[in-house]
Amino acid sequence: MPSQADVFHTARLPLLCAAALLLAACASTPPGRYSAQPRPAGTPMVDPSAGLEEVSIQAMSLVGTPYRYGGNTPDSGFDCSGLVRYVVLRAANVNLPRTTDAMGERGVSLERGQVASGDLVFFNTTGRANSHVGIYVGQNRFVHAPSTGGTVRLEDMTKSYWASRYNGARRVASGINQAPASAAPPAAPASPPPSVAPPAPVDDDPIAAFANR
């Protein structure tokens, strides 16, 4: 005849087994409900700022390059739109128009708080919207080619001159950066007929006179 202790242990056995199964169930994730779906092998993780960072780095590397109206390369010098076009083409493989007006219609318009390194920033320096352009590099600073006799430089957007002439910003490069363009640098704007004097640079004297104030 089984003892009272044997009966007690026999009665506990199913309870212990049930408890063990319950703990095991809690320790594992039910399939198909909460487990993250694995990323297929070879699929890149998309970083929306990847292309922009390369643009700002390339722009910073050109600080000190001489200004030249119509210039498109480090060897020849840059004007404001020539600098931006050169940098964005090399860093993000995006081919922008040659003029600031046309650049102001490309990409996505941004609110001031959305501007990130690598975005384009536009200013009214001649009484005409988007007459000057630069590349934002963070901390309220941008890189641009300002005026004849100057060089590509880093500028503070909080200076009264720039803050009062800010027209907006646009994002023309984003996502995974593409391979640098191998195409030849863009040609300089066509020269006017010999009998016509070349137009005055739209991003010239007004900036030279006031940018350092």
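Which residue takes a positive phi in the hairpin of S5 and S6? In this predicted model, that residue is Gln139, with a phi near 55°. The hairpin has 2 residues between its strands.

The two strands of the hairpin run antiparallel and are joined by 3 bridges, with S6 covering residues 141-144. Within this pairing, Ile135 stands opposite Val143 in S6. S5 also pairs with S4: 4 bridges join these strands, again in an antiparallel arrangement. Here Val121 stands opposite Gly134 in S5. Of the 7 residues of S5, 7 are buried, so the strand is largely enclosed by the rest of the structure.

The nonpolar interior can be followed from these strands. The largest nonpolar core contains 25 residues, and the ones with the most contacts inside it are Val55, Leu83, Val84, Val87 and Leu120. Two or more residues of this core come from each of helix H2 (50-61), helix H3 (80-92), strand S4 (120-123) and strand S5 (132-138). H3 supplies the largest share, 8 residues.

Val87 shows how some of these parts meet. Apart from neighbours within four places in sequence, Val87 is in contact with Val55, Gln58, Ala59, Leu62, Ala92 and Ile135. One of these partners, Ile135, is the residue that stands opposite Val143 in S6.

There is also a second, separate core of 10 residues; among them are Val121, Phe123, Phe142 and Tyr161. Val121 thus appears both in this second core and opposite Gly134 in the pairing described above.

Definitions and conventions: Residues numbered from 1 in each chain as written. Predicted model: local features only at pLDDT ≥ 70, side-chain atom pairs only at ≥ 80, totals over all residues. Heavy atoms only, no water. Core = buried A, V, L, I, M, F, W, Y, C linked by side-chain atoms within 4.5 Å. Buried < 20%, exposed > 50% of the residue type's maximum accessible area, 1.4 Å probe, protein only. Contact = heavy atoms within 4.5 Å. Pairing = 2+ DSSP bridges.
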